[in-house]
Amino acid sequence: RGEARELFGPELPFEAMIGSTVRIKAVPFMVIGVLEAKGQHIGGSDADDRAMVPLAAARMRLFGSANGRAGRVQTVVIRVAD
């Protein structure tokens, strides 16, 4: 949530961020939610410096090659029900 505050400012309620547009590598994405703060992992990376986007959009629009072929995705995080 700290990263959301950096993008939208400290006064804007999280609910008001929903529907806003952010750009990742010049590609516009609509904000549909804000995740709870997680802090740093043991390895030192900050779990709050992440954005989740649909896999197809990531492959074609963020990691795609110049010839229009889908690019490789290095990491996929999933959660399953008990």
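Here is a short conversation about reading the predicted model shown above.

Reader: Let's start with the overview. Which elements does the protein chain have, and in what order do they run?

Author: Begin by listing the helices and strands, then walk along the chain. This is a predicted model, by the way. The protein chain has three helices and two strands. Starting at the N terminus, the order is α-α-β-β-α.

Reader: And how do I get a feel for the overall dimensions? What radius of gyration does the protein chain have?

Author: You set the chain's value beside that of a compact globule with the matching residue count. For 82 residues, such a globule would come out near 12 Å, but the protein chain has 15 Å. Along the principal axes, the C-alpha atoms fill a box of roughly 45 × 30 × 30 Å.

Reader: How many of the residues count as buried, as a percentage?

Author: Of the 82 residues, 17% count as buried. For the outside, look at the exposed area: the protein chain exposes about 6900 Å², and 55% of that is supplied by carbon and sulfur atoms. You can also check how far along the chain the contacting residues sit. Among contacts with a separation of 6 or more, residues 24 or more positions apart account for 25%.

Reader: Now the inside. Which residues make up the largest nonpolar core?

Author: There are five: Val27, Phe29, Ala57, Ala58 and Leu62. Both β2 and α3 supply at least two residues of this core. The element that gives the most is α3, with three residues.

Reader: Let's look at that helix, then. Which residues of α3 are buried, and why do I find them on the same side?

Author: First the general idea: an α-helix has 3.6 residues a turn, so residues three or four places apart point the same way. Now the case here. The buried residues of α3 are Ala57, Ala58 and Leu62. They sit on the same side of α3 because they cover an arc of only 100 degrees around the axis.

Reader: What covers those buried residues?

Author: The cover includes β1, residues 21-24, and β2. You can also zoom in on one of the three. Setting aside neighbours within four places in sequence, alanine 58 is in contact with Val53, Phe63 and Gly64.

Reader: Where do I look for positive phi values outside glycine?

Author: Go to the loop between β1 and β2, where you find lysine 25 and alanine 26. Phi of lysine 25 is near 50 degrees, and phi of alanine 26 is near 70 degrees. Both values are positive, in residues other than glycine.

Reader: Are those two buried or exposed?

Author: Here a cut-off helps: a residue counts as exposed when its relative accessible area is over 50%. Lysine 25 has 61%, so lysine 25 is exposed. Alanine 26 has 62%, so alanine 26 is exposed as well.

Reader: What does lysine 25 touch further along the chain?

Author: Not counting residues up to four places away in sequence, lysine 25 touches Leu62 and Phe63. As for its loop neighbour, the C-alpha atoms of alanine 26 and leucine 62 are separated by 9.0 Å, with their positions 36 residues apart along the chain. For another distance, try lysine 25 and alanine 47: they are 22 residues apart along the chain, and their C-alpha atoms are separated by 19 Å.

Reader: Where does lysine 38 lie, and is it buried or exposed?

Author: Lysine 38 lies in the loop between β2 (27-30) and α3 (55-62). With a relative accessible area of 65%, lysine 38 is exposed. Exposed residues can still have contacts to list: lysine 38 touches Ala47 and Asp48, leaving out residues up to four places away in sequence. Lysine 38 and aspartate 48 are 10 residues apart in sequence, and 6.0 Å apart in space from C-alpha to C-alpha.

Reader: One last residue. What does the side chain of serine 20 reach?

Author: For a polar side chain, look for a partner atom. The side chain of serine 20 reaches the backbone oxygen of methionine 17 at 2.9 Å. Serine 20 itself lies in the loop between α2 (14-17) and β1. Beyond its neighbours within four places in sequence, serine 20 is in contact with Phe8, Phe29, Met30 and Val31.

Key: Residues numbered from 1 in each chain as written. Predicted model: local features only at pLDDT ≥ 70, side-chain atom pairs only at ≥ 80, totals over all residues. Heavy atoms only, no water. Helix = DSSP H or I, 4+ residues; strand = E, 2+ residues; numbered from the N terminus. Buried < 20%, exposed > 50% of the residue type's maximum accessible area, 1.4 Å probe, protein only. Contact = heavy atoms within 4.5 Å. Arc of directions from axis to C-beta. Polar contact = N/O pair within 3.5 Å; in protein donor to acceptor, adjacent residues only side chain to side chain. Rg over C-alpha atoms; globule rule 2.2 N^0.38 Å. Areas by Shrake-Rupley, 256 points an atom, 1.4 Å probe, with all protein chains shown as cover. Core = buried A, V, L, I, M, F, W, Y, C linked by side-chain atoms within 4.5 Å.
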